[in-house]
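Subject: Structure for you to look at, with notes

Dear colleague,

I am passing on the structure we spoke about, and below it I have set out what was found when going through it. Please have it open beside you as you read.

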Amino acid sequence: MKLGTYEIPELRLVPNALTDVKKIYDVVKTEAIGTKEIGNVFGYKQTSTGIFYRRMSTMLSYGLLSQLSRSTYKVTDLAIALSYPEPDKEQLFKNKAILNVPLWNEIFKKFGKNPPMENFWIQLKNITGIEPVEAQKVQNLVRKWYLDDIALVTMDPLGHPIMDDAISKGNIYDDKHLR
């Protein structure tokens with residue numbers, strides 16, 4: 001789903017995106033893979049369907065795939081770390097993936113894990129620049145998706161997401177530290 005310039009994953013990180021990217025990784029490892037081949041991994045005869053697009057968009061939003069060209073992708077290091085996680089680092093990588101979603105990161109910076117229920121549409125409008133009517137229409141769904149994902153983020157004692165030692169010491173969670 002696109003809100004202004006923000007792409008929002010329509011499928012959740014757990015279990016959807018992680019299951020999907022693991023399937024891709026198990027087939028190609030770190031090699032580049034084309035759209036058609038990804039479709040084959042998922043059993044699609046055509047890759048122009050809405051569900052295929054949503055699956056791809058979701059993995060891109062979380063930073064699990066990188067796009068090398070119009071129809072060529074590669075599994076990211078983050079995706080590999082989440083596909084076969086070291087138990088003591090799995091949560092760190094989930095935090096990174098969730099906060100890779102630019103809108104989730106913006107909402108998190110303003111509200112943490114508790115975005116307002118009442119008039120959430122105003123926040124969506126202000127952050128994304130979409131029209132008020134559109135923001136009102138999608139506010140409940142976007143808030144639900146945000147809460148589903150952000151519930152997986154673990155926090156340090158100061159209320160900041162645990163990203164890694166250097167980042168959590170500085171309590172920084174901006175885009176340049178997330179990929």
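Along strand β5 the side chains alternate, with Y73 and V75 pointing to one face, where they are buried, and T72 and K74 pointing to the other, where they are not. That is the pattern expected in general, because in a regular strand the side chains alternate between the two faces of the sheet. Please keep in mind throughout that this is a predicted model.

The sheet to which this strand belongs is an open one of 3 strands, in the order β3-β5-β4, with antiparallel pairing. Strands β3 (33–34) and β4 (65–69) stand at the edges with a single partner strand each, so one side of each is left without a neighbour in the sheet. On one side, β5 (residues 72–75) pairs with β4 over 4 bridges in the antiparallel sense, and these two strands form a hairpin with 2 residues between them. Within that pairing, S69 has T72 as its bridge partner in β5, while Q67 stands opposite Y73. The pairing of β3 with β5 is also antiparallel and runs over 2 bridges, and here Y73 of β5 is the bridge partner of I33.

Helix α1 (residues 13–28) lies across β3, β4 and β5, and runs at about 95° to β5. Its buried residues are L13, A17, L18, D20, V21, I24, Y25 and V28; seen down the axis of α1, they fall within an arc of 160°, so they line one face of the helix. On the other side of α1, P15 and V27 are exposed.

Two backbone details of this region deserve a careful look, given that most residues other than glycine have a negative phi, and most peptide bonds are trans. The peptide bond from V14 to P15 is cis, with omega near 0°, and P15 has its place in helix α1. K29, in the loop between α1 and β3, has a positive phi of about 55° although it is not a glycine, and this residue is partly exposed, with a relative accessible area of 41%. A further case is N119, which is not a glycine either and has a positive phi of about 60°; N119 lies in the loop between α6 (102–111) and α7 (120–128) and is partly exposed, with a relative accessible area of 38%.

In helix α2 (residues 35–42), the buried residues are T35, I38, G39 and F42, and they cover an arc of only 105° around the axis, which puts them on the same side of α2. K36 and N40, on the other side of α2, are exposed. Among the elements that cover the buried residues of α2 are α1, β3, α3 (50–61) and β5. Just after α2, G43 takes a positive phi of about 85°.

Finally, which residues line the largest pocket? The lining consists of E7, T35, T47, F52, Y53, M56, S57, L60, S61, Q67 and Y73, and its largest share, 6 residues, comes from α3. The space in this pocket is about 180 Å³. Y73 and Q67, which stand opposite each other in the sheet, are thus both found again in the lining of the largest pocket.

With best wishes

Terms used: Residues are numbered from 1 along each chain as its sequence is written. This is a predicted model: local features need pLDDT of at least 70, side-chain atom pairs count only at pLDDT 80 or more; totals for chains, interfaces and linings use all residues. Side-chain values use heavy atoms; hydrogens and water are left out. Two strands pair if DSSP finds at least two bridges between them. Contact means heavy atoms within 4.5 Å. Axes are lines fitted to C-alpha atoms, for helices over the stretch in contact, and angles run from 0 to 180 degrees between N-to-C directions. Buried means under 20% relative accessible area, exposed over 50%, partly exposed in between (1.4 Å probe, protein chains only). The arc is that of the directions from the helix axis to the C-beta atoms. On a 1 Å grid over the protein atoms alone, a cavity is a set of points where a 1.4 Å probe fits but cannot get out, and a pocket is an open set with protein on both sides within 12 Å along at least five of seven lines; lining residues have an atom within 4 Å of a point. Grid points are joined across faces, edges and corners, and a volume is the space filled by probe spheres set on the points.
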